[in-house]
Amino acid sequence: MDPERLLHSGIVDGRLVLSAGGSWTAIRARELELLVDGLGGKASDAASLSLDMRGVDAFDTFGAWLAERIVRDWRARGREAQIVGLAERYRSLLQDVQRTNIKAEEGAAKENWLVSVPERIGRSVVALGRDFVPFLDMLGAVVAAAGRTLLRPRLLRMTSLVHHLDRVGWQAVPIVLLITFLIGGIIAQQGIFHFRKFGADVYVVDMVGILVLREIGVLIVAIMVAGRSGSSYTAELGSMKMREEIDALRTMGRDPVEVLILPRVIALVVALPILTFLGSMAALYGGGLVAWAYGGMSPDIFIARLKEAISLTHFSVGMIKAPFMALVIGIVACSEGLRVKGSAESLGLQTTTSVVKSIFLVIVLDGVFAMFFAAIDM
Amino acid sequence: MDGVPETIIRVRDLVVGFGGRPVLDGLSLDVRRGEILGLVGGSGSGKSVLLRTVIGLIPKRQGAIEVLGVDPDHAGEEARRAIERRWGILFQHGALFSSLTARENVEFPMREYLDVSDRLRSEVATAKLEMVGLTPADGDKLPSQLSGGMTKRVALARALALDPEIVFLDEPTSGLDPISAGDFDVLIRTLQQTLGLTVFMITHDLDSLHAISNRVAVLAEGKVVAIGPVATMAASEHPWVKTYFRGKRARLREERLAQPVS
């Protein structure tokens, strides 16, 4: 369409007369806006403006707002402006738009990065510290609920517990076995490859045995469980919170910690040591297989060497850690789940936070245990 | 308007079903330009299915649908997009994008379909929000910070973002208190007159049917069993229509209206 038709300007007796025509609608909005904003420079000495919209044959909110913008710009400069000749059927729309009072977007106050960066760091540190409170809160609530359940075992939700055991324990077995088997194999391969250089191949068995039983087995399994089951706990509880199920439970006199969280946490605490045991065995198996296929060490020698290299202590060091890691994962997952607010975005955010936080805490815990066991000579 | 009003949505012998028995079975319906058509029917009678089929979210088994003179099934991608640009939909629960603020929600369709400057888009979005009765400050809120009534208003502003010719409203007043629902009815009526909209509205609310609809279509057994101005509905002999428009709740409503204001 010819831009002249959309908006034509001329000066009559010192008045700026604009004649608008054609379709003043969303589709033409870009052209129109250029024309409208181009008016500013024109005829700046004109005392008043009249916008004749007789020729307009299609009109919508965009057109109405642009017409209104001409008028407001003009009036803002202390001059008169009016719209004439608009078809009757469009008038109410124009009136509606005129009633809207849009203040110019105030640009956000410029931040000084010298101030804002330390401020953000400070806020994050404080938030990090505060993050610990809900964790302790949940830990306390779970311990209290566990105590009540011990006194009255009938309170324990058996169905729920079994259901969650099945989900986080039984159904996790194949993937845990597969991953730990591969990790065991990789450790053995790396050990053989590097130890061979100084003829110490045989110590690969010591390395695989001790590493897997003390650290790798439980750590890998805990990290996998945090990613697999921790995230699903957070998402489940979060969506229950969003749909007000948790509130409903509370109003019926049931404690959500007792009904929802305790069975989940117990299931994890029971399942993780079992998975750790299975995972460690799979890793040793993988290591043995690689030692045989890649290192040429027969299974008999591997097993005989393993018997000498490891003791029950190594095994129990790994197993002792498992339930504590499960507790941390469960508590973090559940407390993050209950922190979900109304939106889907918040659910995603808390699920991510839950996984990141529980993996971080699992590793920290592992470090603390390492110091502890070193101190008591285990 | 010239004598016979133009038909803007034409549905003929529509059959829609999931698995076994069809939900809609040979349904025909015309919506005229510029009217407010209220669609009522029992729960599970297929009101939402009809709406979702017309806007192309559910595939049909048989029949023909024509919106603004185009059959979306047989139109190309371009023509389909052109049609989609000319309608707006208010979903039952608002369906606002939860990661965007109210204003960004209203701007979203503009961003997708129109080539306008950021400034104009934001100004028009704010104008739309004010037209549905919100303040510019509300525009910066996230959907999770809005009340039920405000969510519906923002959703309406988003449905109207592109100045559509047709708006589909899925239970616009459900979940609102009677006063807000009344306000919302008035708002729809005003906007319909100002913007010259055609409104296709699913509702259960007898008050809003009486207050704003030009015609009512009743859906039962997969068909439209009665259609006409709400005043003529009481004359229908169809049992569901009879119960709905002459049932206890309808009578209570009559009595309430008949009572002198004390």
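**Exercise 1. Which residue in strand 7 of chain B is the bridge partner of B:L37?**

Solution. A word on the source before starting: the model is predicted.

Step 1. Look at the strands that pair: strand 3 (residues 36-41) and strand 7 (residues 198-202) of chain B run in the parallel sense, linked by four bridges.

Step 2. Now read off the partner: B:L37 bridges to B:F200 in strand 7 of chain B.

Step 3. Put this pair into its sheet. Six strands of chain B make an open sheet with mixed pairing, in the order 5-6-7-3-8-9. The edges go to strand 5 (87-90) and strand 9 (223-228) of chain B; each has a single partner strand, so one side of each has no neighbour in the sheet. Ignoring direction, neighbouring strands here are turned by 15° against each other on average.

**Exercise 2. Work out whether helix 4 of chain B has the expected length, and say how enclosed it is.**

Solution.

Step 1. Helix 4 of chain B covers residues 118-131, which is 14 residues. At 1.5 Å a residue the helix should span 20 Å, and its end C-alpha atoms lie 20 Å apart, so the two values agree.

Step 2. Next, burial. Eleven of the 14 residues are buried, so the rest of the structure largely encloses helix 4 of chain B. Charged residues turn up in this set too: among the buried ones are B:R121, B:E123, B:K128 and B:E130.

Step 3. Ask what does the covering. From chain B, the cover includes helix 3 (102-113), helix 5 (148-159) and helix 6 (178-195). Chain A joins in as well, with its helix 2, helix 3 and helix 4.

Step 4. Check what follows the helix: just after helix 4 of chain B, B:G133 has a positive phi of about 90°.

**Exercise 3. Describe the side of chain A that touches chain B.**

Solution.

Step 1. Start with the count: 23 residues of chain A and 25 residues of chain B take part in the contact.

Step 2. Assign the chain A side to elements. Helix 2 (29-38), helix 3 (61-76), helix 4 (88-99) and helix 13 (344-375) of chain A each give two or more residues. Helix 4 of chain A gives the most, with five.

Step 3. Sort by class: the chain A side holds eight nonpolar, six polar and nine charged residues.

**Exercise 4. Find the residues that touch the most other members of the largest nonpolar core, and follow A:A67 outwards.**

Solution.

Step 1. The core has 104 residues, and the ones touching the most other members are A:A67, B:V154, B:V167, B:F168, B:V199 and B:F200. B:F200 is familiar from the first exercise, as the bridge partner of B:L37.

Step 2. Helix 3 of chain A supplies the largest share of this core, seven residues.

Step 3. Leave out neighbours within four places in sequence, and A:A67 is in contact with A:W24, A:L51, A:M53, A:I83 and A:L94.

Step 4. Don't stop there: a second, separate core of 57 residues includes A:L219, A:I331, A:L338 and A:I359.

**Exercise 5. Decide whether A:V270 is buried, partly exposed or exposed.**

Solution.

Step 1. Locate the residue: A:V270 sits in helix 10 (residues 256-293) of chain A.

Step 2. Count neighbours. A:V270 has 17 C-beta neighbours inside 10 Å, so this residue counts as partly exposed.

Step 3. Add a long-range pair: A:V270 and A:P323 are 53 residues apart in sequence, yet 7.1 Å apart in space, C-alpha to C-alpha.

Definitions and conventions:
Residues are numbered from 1 along each chain as its sequence is written. Chains are lettered from A and ligands numbered from 1 in the order in which they are written. This is a predicted model: local features need pLDDT of at least 70, side-chain atom pairs count only at pLDDT 80 or more; totals for chains, interfaces and linings use all residues. Two residues are in contact if their C-beta atoms, placed from the backbone, lie within 7 Å. The expected span of a helix is 1.5 Å times one less than its number of residues. A residue is buried if 20 or more other C-beta atoms lie within 10 Å of its own, exposed if 12 or fewer, and partly exposed in between; C-beta atoms are placed from the backbone. A nonpolar core is a set of buried Ala, Val, Leu, Ile, Met, Phe, Trp, Tyr and Cys residues joined through C-beta atoms within 7 Å. Two strands pair if DSSP finds at least two bridges between them. Axes are lines fitted to C-alpha atoms, for helices over the stretch in contact, and angles run from 0 to 180 degrees between N-to-C directions.
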